[in-house]
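Trainee: Please take one part of this model and go through it closely, setting it against the rest of the chain and giving the reasoning wherever there is some to give.

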Amino acid sequence: MSNLYSEKLIAVNMDADSKDSAIEQLICMLKKEGRINSSAEFRDSIYERELESSTEVGEYTAIPHGRSETVKDNSVCIAALKKPVIWNFETNEEIDIIFMLAVKKDSSDTHIEILSELASKIMEENFISNIKKADNENEIYQIITKKEDSK
């Protein structure tokens with residue numbers, strides 16, 4: 001699953017004033033890197049999933065994800081925001097770290113594997129705080145791929 005991550009899919013100090021703004025910027029990164037064919041189609045899959053239940057997972061972190069035929073390469077886009085945004089208006093839950101998953105429509109097993117791997121990492125001591133302390137995209141890339149490389 002090493003192709004999931006790329007420094008070009010990581011943003012440090014992303015300036016987003018809302019959940020929608022953050023999602024849009026991450027979708028633009030996926031499109032720019034050729035990981036999706038259609039921004040609009042992928043955006044629809046992200047918001048369809050958000051309607052089921054909010055994707056914040058604690059630790060000021062959210063994992064929005066979409067499965068869509070427009071996804072060319074399974075990918076994880078990561079953003080460390082300059083300042084927190086409200087992710088869930090029902091609870092006023094704020095987040096400042098986003099892991100956006102873009103998964104091919106026919107990859108349901110892979111989808112679950114990626115979510116499980118991310119959830120495990122998020123529960124590791126210091127994982128989120130290390131991402132928040134990172135000064136650049138390469139540092140986050142090293143943090144997110146460290147355990148994967150040692151498997």
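Mentor: A disulfide is taken here as a pair of cysteine sulfur atoms within 2.5 Å of each other, and by that criterion the structure, which is a predicted model, holds zero disulfides. The sulfur of Cys-28 has its closest cysteine sulfur in Cys-77, at 9.9 Å, and that is too far for a bond. Seen from the other end, Cys-77 is likewise in no disulfide, with the sulfur of Cys-28 as its nearest cysteine sulfur. The surroundings of the two cysteines can be stated as well: Cys-28 counts as partly exposed because its relative accessibility is 43%, whereas Cys-77 has a relative accessibility of 0% and therefore counts as buried.

Before the close look, the overall frame is useful. The protein chain has five helices and six strands, and read from the N terminus these elements follow the order β-α-α-β-β-β-β-β-α-α-α. The radius of gyration is 14 Å, close to the 15 Å that the globule rule gives for 151 residues, so the chain is as compact as a globular protein of that length. Along its principal axes the C-alpha trace spans about 40 × 35 × 25 Å, and buried residues make up 46% of the 151 residues. Among the contacts with a separation of 6 or more, 68% join residues that are 24 or more positions apart.

The part I would choose is helix α2, which covers residues 39-52. At 1.5 Å a residue, its 14 residues should span 20 Å, and since the C-alpha atoms at its ends are 20 Å apart, the model agrees with that expectation. Within α2, the buried residues are Ser-39, Phe-42, Ser-45, Ile-46, Arg-49 and Glu-50. They occupy an arc of only 135 degrees around the axis, which means that they lie on the same side of α2. On the other side of the helix, Glu-48, Leu-51 and Glu-52 are exposed. As for what the buried residues meet, they pack against α1 (19-32), β4 (65-68), β5 (75-88) and β6 (93-104).

Ser-39, which belongs to α2, deserves a careful word, because its relative accessibility of 19% makes it count as buried when the cut-off is under 20%. Setting aside residues up to four places away in sequence, Ser-39 touches Ile-27 and Lys-31.

For a point of comparison outside the helix, consider Thr-61, which lies in strand β3 (residues 61-62). Its relative accessible area is 1%, so Thr-61 is buried. If neighbours within four places in sequence are left aside, Thr-61 is in contact with Thr-55, Glu-56, Ile-95, Ile-97, Phe-99, Ile-122 and Ile-128. The side chain of Thr-61 also reaches the backbone oxygen of Glu-59, at 2.9 Å. From Thr-61 to Ile-78 there are 17 residues in sequence, and their C-alpha atoms are 11 Å apart in space.

To return to the helix, the picture of α2 is one of a buried side that packs against α1, β4, β5 and β6, with Glu-48, Leu-51 and Glu-52 exposed on the other side.

How values were computed
Residues numbered from 1 in each chain as written. Predicted model: local features only at pLDDT ≥ 70, side-chain atom pairs only at ≥ 80, totals over all residues. Heavy atoms only, no water. Helix = DSSP H or I, 4+ residues; strand = E, 2+ residues; numbered from the N terminus. Expected span 1.5 Å × (residues − 1). Buried < 20%, exposed > 50% of the residue type's maximum accessible area, 1.4 Å probe, protein only. Arc of directions from axis to C-beta. Contact = heavy atoms within 4.5 Å. Polar contact = N/O pair within 3.5 Å; in protein donor to acceptor, adjacent residues only side chain to side chain. Rg over C-alpha atoms; globule rule 2.2 N^0.38 Å.
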